[in-house]
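Let's walk through a few features together and learn how to read them. Have the structure open as we go.
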Amino acid sequence: MGISGFKPSFLIGIEAVRQAHGSRLATLVGRRLTGCALVRFIEDGDWFADCPVVLDFDGLQVEVCHSKLDELSIGWNTIDTAATIAGWEWFELTPQWSHGDERLEPFVGQELREVALLEWRPAKRDLAAGTVAVEFAFAEGCLRIVNGLDENRIEIGAAQPEYIRHRLGC
C-alpha cells in the first residue's frame, strides 16, 4: 500500500486475535485517545477504507486493519502517519494521511474505559460469521473498527446484538 512502516500480520478468529493482542489492547484502558489517522484521497476527501485505522492513546499507537472476509491485523507503533504514501503514481487518485475524522473526533481527549474484541455470531448463516471487531468504550460512547467485508468500517454507538463481546483486562 506504500504506507511507511505498515507490515500487516493478519489473523483469523477470536482466539488468535485475543492471544496475540488481548493483553496489549487491555493496557490501553486508562489512556486518553490523543489522535487518529485515516488515509483519504486528496482529490475528493473520500476515506480509503482498505488502509489501517490508526489510533493514538497517549503515545501508544494501535493500527487496526481488516482484510478479506475474516482477516484482522493489529499493529503497534509501526506506521509513520507523517510520511508520504508512496507508489500510487499509476492510480488516478492520491492517498494521504488525514488526522481528523468526524466519527472519531468526539472521542479525542477522552479516557478509554474499556476495550473488547467482538465476534460476529448471527443466528442465521452469514458469510461474515466469526469476524472480529475491536471496540473502544469511552465515557461518551463506543467506537468500533469492524470488518466491512474486505475493508474497515467504523461504527459508533451500541454494538449490534449479533456480536459476542469478549472484554479484555477484566
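Q: Before we start, which residues does Ser-98 touch, not counting those up to four places away in sequence?
A: Contact means heavy atoms within 4.5 Å. Here Ser-98 touches Cys-36, Ala-37, Leu-38 and Arg-40, with residues up to four places away in sequence not counted. Keep in mind that this is a predicted model, where local features need pLDDT of at least 70 and side-chain atom pairs count only at pLDDT 80 or more, while totals for chains, interfaces and linings use all residues. Residues are numbered from 1 along each chain as its sequence is written, and side-chain values use heavy atoms, leaving out hydrogens and water.

Q: Is Ser-98 buried or exposed?
A: Buried means under 20% relative accessible area, exposed over 50%, partly exposed in between (1.4 Å probe, protein chains only). Ser-98 counts as buried because its relative accessibility is 17%.

Q: Where is Ser-98 placed?
A: Strands (E, at least two residues) are DSSP runs, numbered from the N terminus, as are helices (H or I, at least four). Ser-98 sits in strand E6, residues 95-98.

Q: How many residues has the largest nonpolar core?
A: A nonpolar core is a set of buried Ala, Val, Leu, Ile, Met, Phe, Trp, Tyr and Cys residues joined through side-chain atoms within 4.5 Å. The largest one has 33 residues, and Phe-57 and Val-62 are among those with the most contacts inside it. Another core, of 13 residues, lies apart from it and includes Trp-88 and Trp-97.

Q: And which residues does Leu-93 contact, leaving aside neighbours within four places in sequence?
A: Leu-93, in the loop between E5 and E6, contacts Phe-41, Glu-43, Asp-44 and Trp-88, with those neighbours left aside.
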